[in-house]
Amino acid sequence: MQYFVVMIDYGRRGREAVVDPEITRREVISRIVSGEYQNVLFIHEIGENSVEDVTEAILAEAALPPIPPEDIDLQAKRLDHARDLRKHERT
């Protein structure tokens, strides 16, 4: 039998370990992407007689795709920088 343990941190409200033998790796990833699982402390994969920390691998799979540099608005970035410089010149 193989299953996942997802530990979620709710801050002052405490922590919760979600343990569901029916959930697959793909389902864990989709719940992270959808925002159902937020503030994940760790994800352990339990199988047979072993425990493996798969937190980094699953969070990497669930990460949003990187934005290519050509999609970044460089003009807006330059104007924001110029505005900041003017704001600091007044003081």
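Helix H2 lies across strands S1, S3 and S4 in this predicted model, and the helix runs at about 115° to S3. Thr55 belongs to H2, which spans residues 55-62. With a relative accessibility of 10%, Thr55 counts as buried, because the limit for that class is under 20%. Leaving aside residues up to four places away in sequence, Thr55 touches Leu41, Phe42 and Ile43. The side chain of Thr55 also makes a polar contact, at 2.5 Å, with the side chain of Asp53.

The strands beneath this description form an open sheet of four, in the order S2-S1-S3-S4, with antiparallel pairing. Its edge strands are S2 and S4, the latter covering residues 50-53, and each of them pairs on one side only. On average, and with direction ignored, neighbouring strands of the sheet are turned by 20° against each other.

One pairing in the sheet may be followed in detail. S1 and S2 run antiparallel and are joined by six bridges. Within this pairing, Val6 stands opposite Val18 of S2. Val19 is also found in S2, a strand made up of residues 15-20. Tyr3, Phe4 and Val5 are touched by Val19, again not counting residues up to four places away in sequence. Although Val19 and Val5 are 14 residues apart along the chain, their C-alpha atoms are separated by 4.9 Å. Is Val19 buried, partly exposed or exposed? Its relative accessibility is 47%, so Val19 counts as partly exposed, the class that lies between the limits of 20% and 50%.

Attention now turns to helix H1, which comprises residues 25-34 and in which Val28, Ile29, Arg31 and Ile32 are buried. Seen down the axis of H1, these buried residues fall within an arc of 160°, and therefore they line one face of the helix. A general property of helices bears on this pattern: an α-helix has 3.6 residues a turn, so residues three or four places apart point the same way. What covers the buried residues of H1? The covering elements include strand S1 (2-9), strand S3 (40-47) and H2. The face of H1 turned away from the buried side carries the exposed residues Arg26, Val33 and Ser34. After H1 comes Gly35, whose phi is positive, near 95°.

Taken together, S1 and S3 appear in both parts of this account: H2 lies across them, and they are among the elements that cover the buried residues of H1.

How values were computed:
Residues numbered from 1 in each chain as written. Predicted model: local features only at pLDDT ≥ 70, side-chain atom pairs only at ≥ 80, totals over all residues. Heavy atoms only, no water. Helix = DSSP H or I, 4+ residues; strand = E, 2+ residues; numbered from the N terminus. Buried < 20%, exposed > 50% of the residue type's maximum accessible area, 1.4 Å probe, protein only. Polar contact = N/O pair within 3.5 Å; in protein donor to acceptor, adjacent residues only side chain to side chain. Contact = heavy atoms within 4.5 Å. Arc of directions from axis to C-beta. Pairing = 2+ DSSP bridges. Axes fitted to C-alpha atoms, helices over the stretch in contact; angles between N-to-C directions.
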